[in-house]
Amino acid sequence: PAADLLGPPPLSGPVVRDAGLAGILTVAIAYGDEQLQVEVLAPDGPAPGTRAQLEAILPGGRSATMFARPCGTGCLTQHLALPIGSTRLSVSATAPGWTGGTFSTVLPAPPPAEEPALLTRLIERMRAVPRMAITEDTSSGPGAHPPPVDYQFSGSEFLSTEPYAGGAASDVALLPDKTGFRLYVSGDRIWVTVWVNDTGRISREQVVDVGHQIERTFRYPSP
């Protein structure tokens with residue numbers, strides 16, 4: 001059907017994005033321009049018969065059920081002016097033939113302004129790191145969670161593997177608690193959250209693409 005090809009409409013102005021696994025399904029959320037958009041994707045893309053229930057806890061603790069309308073297969077959108085503050089949104093997703101689950105995130109309202117300089121500064125500081133240790137924990141959903149793996153990299157070697165290091169990232173914005181920032185690589189459909197330590201280097205990172213979620217922790221030798 002034609003509706004399956006629509007997808008979410010583009011958003012203007014500051015946009016906050018996040019994504020994660022709900023079972024084996026990937027849930028991607030975008031909020032901006034008084035619009036909430038939710039996509040639910042199976043590992044091979046949008047799945048016919050996908051359903052999602054949206055529940056929110058608004059600033060102050062009041063619960064609310066969202067009533068988003070379809071914008072294509074696995075796509076929901078709703079005109080929504082969230083109250084000022086942080087709203088916790090939970091998406092419970094199912095799709096025939098796939099293990100579903102629930103993904104939750106915190107959406108700040110109004111969305112923070114885009115700050116590409118955050119990423120520029122981080123890349124500069126990480127490129128100067130001579131050596132670091134990284135523990136990587138990858139999940140592809142229930143039953144697909146191998147043991148964590150340890151790596152040793154220089155900052156430049158690490159950045160050569162990162163999709164955002166070439167400047168293709170958008171929607172770079174502070175986390176609500178200002179401990180790091182989120183970004184989105186639209187061409188590869190990758191959502192990244194970075195937490196930064198007091199030296200301006202990465203302490204923790206979450207990378208989500210369709211069907212996978214990677215958690216990394218970083219350790220730096222003492223000077």
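**Exercises on strands, rings and a polar contact**

Strand β6 (residues 69-72) and strand β7 (residues 75-79) run antiparallel and are joined by three bridges. The model is predicted, with local features requiring pLDDT of at least 70 and side-chain atom pairs pLDDT 80 or more, while totals for chains, interfaces and linings use all residues. Residues are numbered from 1 along each chain as its sequence is written, and side-chain values use heavy atoms, without hydrogens and water.

**Exercise 1.** Describe the connection of β6 and β7, and state which residue is the bridge partner of Pro70.

*Solution.* Strands are DSSP runs (E, at least two residues), numbered from the N terminus, and two of them pair if DSSP finds at least two bridges between them. The bridge partner of Pro70 is Leu76 in β7. Two residues lie between β6 and β7, which form a hairpin. In the turn, Gly74 has a positive phi of about 70°.

**Exercise 2.** Give the strand order of the open sheet of four strands, and explain why β5 and β9 are left with one side without a neighbour.

*Solution.* The order is β5-β4-β8-β9, and the pairing is antiparallel. β5 (63-65) and β9 (98-109) stand at the edges with a single partner strand each, so one side of each has no neighbour in the sheet. On average, neighbouring strands of this sheet are turned by 20° against each other, direction ignored; the axes are lines fitted to C-alpha atoms, and angles between N-to-C directions run from 0 to 180 degrees. Within the sheet, β4 (residues 51-57) and β8 (residues 85-95) pair over seven antiparallel bridges. Ala52 stands opposite Ala93 in β8.

**Exercise 3.** Classify the ring pair of Tyr151 and Phe153.

*Solution.* Rings of Phe, Tyr and Trp (its six-membered ring) pair if their centres lie within 6.5 Å; planes under 30 degrees apart are stacked, over 60 edge-to-face, and the rest tilted. The structure holds three aromatic pairs. In the pair of Tyr151 and Phe153, the centres are 5.8 Å apart and the planes stand at 20°, so the pair is stacked.

**Exercise 4.** Locate Thr135 and identify the polar contact of its side chain.

*Solution.* Thr135 belongs to strand β10 (residues 132-139). Its side chain is joined to that of Asp150 by a polar contact of 2.6 Å. Such a contact is a pair of N or O atoms within 3.5 Å; within protein, one must be able to donate a hydrogen and the other to accept it, and residues adjacent in sequence count only if both atoms are side-chain atoms.
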